[in-house]
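Subject: Structure handover

Dear colleague,

Here is the structure I said I would pass on. Please look it over alongside the notes below.

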Amino acid sequence: MPSSLKFDVMEHISAVNSRDCKDALKMCQVVSLSGIANQNTLSRHLASMKNVKDILAVGWFRLTTLRAGIIVALGRAFFEIIRDLVEKLPSWCSS
């Protein structure tokens, strides 16, 4: 199985190793990047991110988790979709 298909296993192992090697790594603060997860049923990717956060949360260091949102900026796909949608709205929608 290609490593990209077992990313969740690799992330789990990395999180456990990082947490358990805290003294050797002299970690006092860890910043974890995660995704927005507001639902009970998570995608495999978001479930893996939550698992990493949960593993790191029981370490003896301070944990800060940053949850990424959608970036709406010129040139980004989401921006282009919203712009196209707005341009195609009927004129009565803007009154």
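The notes below cover the core, one strand residue and a surface patch. Please keep in mind that this is a predicted model.

Core. The largest nonpolar core consists of six residues, namely Ala15, Val30, Val52, Ile55, Leu56 and Phe61. Helix H3, which spans residues 44-57, supplies the largest share of this core, with three residues. Val30 is in contact with Leu56 and Phe61, and also with Arg62, Leu63 and Thr64, once its neighbours within four places in sequence are left aside.

Strand E1. Ser32 sits in this strand, which runs over residues 29-35. Ser32 has a relative accessibility of 5% and therefore counts as buried, the cut-off being under 20%. Leaving aside neighbours within four places in sequence, the contacts of Ser32 are Leu56, Leu63, Thr64, Thr65 and Leu66. Leu56 is thus a contact of Val30 and of Ser32, and it is also a member of the largest nonpolar core. Between the C-alpha atoms of Ser32 and Met49 the distance is 8.9 Å, with the two residues 17 apart along the chain.

Surface. Phe78, Ile82, Leu85 and Val86 make a nonpolar surface patch of about 350 Å². Of these, Phe78 belongs to helix H4, residues 77-88. The relative accessible area of Phe78 is 35%, so this residue is classed as partly exposed, a class that lies between the 20% limit for buried and the 50% limit for exposed.

Regards

Conventions: Residues numbered from 1 in each chain as written. Predicted model: local features only at pLDDT ≥ 70, side-chain atom pairs only at ≥ 80, totals over all residues. Heavy atoms only, no water. Patch = residues over 30% accessible without salt bridge, like charges linked within 9 Å, V, L, I, M, F, W, Y side chains within 5 Å. Areas by Shrake-Rupley, 256 points an atom, 1.4 Å probe, with all protein chains shown as cover. Salt bridge = Lys/Arg side-chain N within 4 Å of Asp/Glu carboxyl O. Helix = DSSP H or I, 4+ residues; strand = E, 2+ residues; numbered from the N terminus. Buried < 20%, exposed > 50% of the residue type's maximum accessible area, 1.4 Å probe, protein only. Core = buried A, V, L, I, M, F, W, Y, C linked by side-chain atoms within 4.5 Å. Contact = heavy atoms within 4.5 Å.
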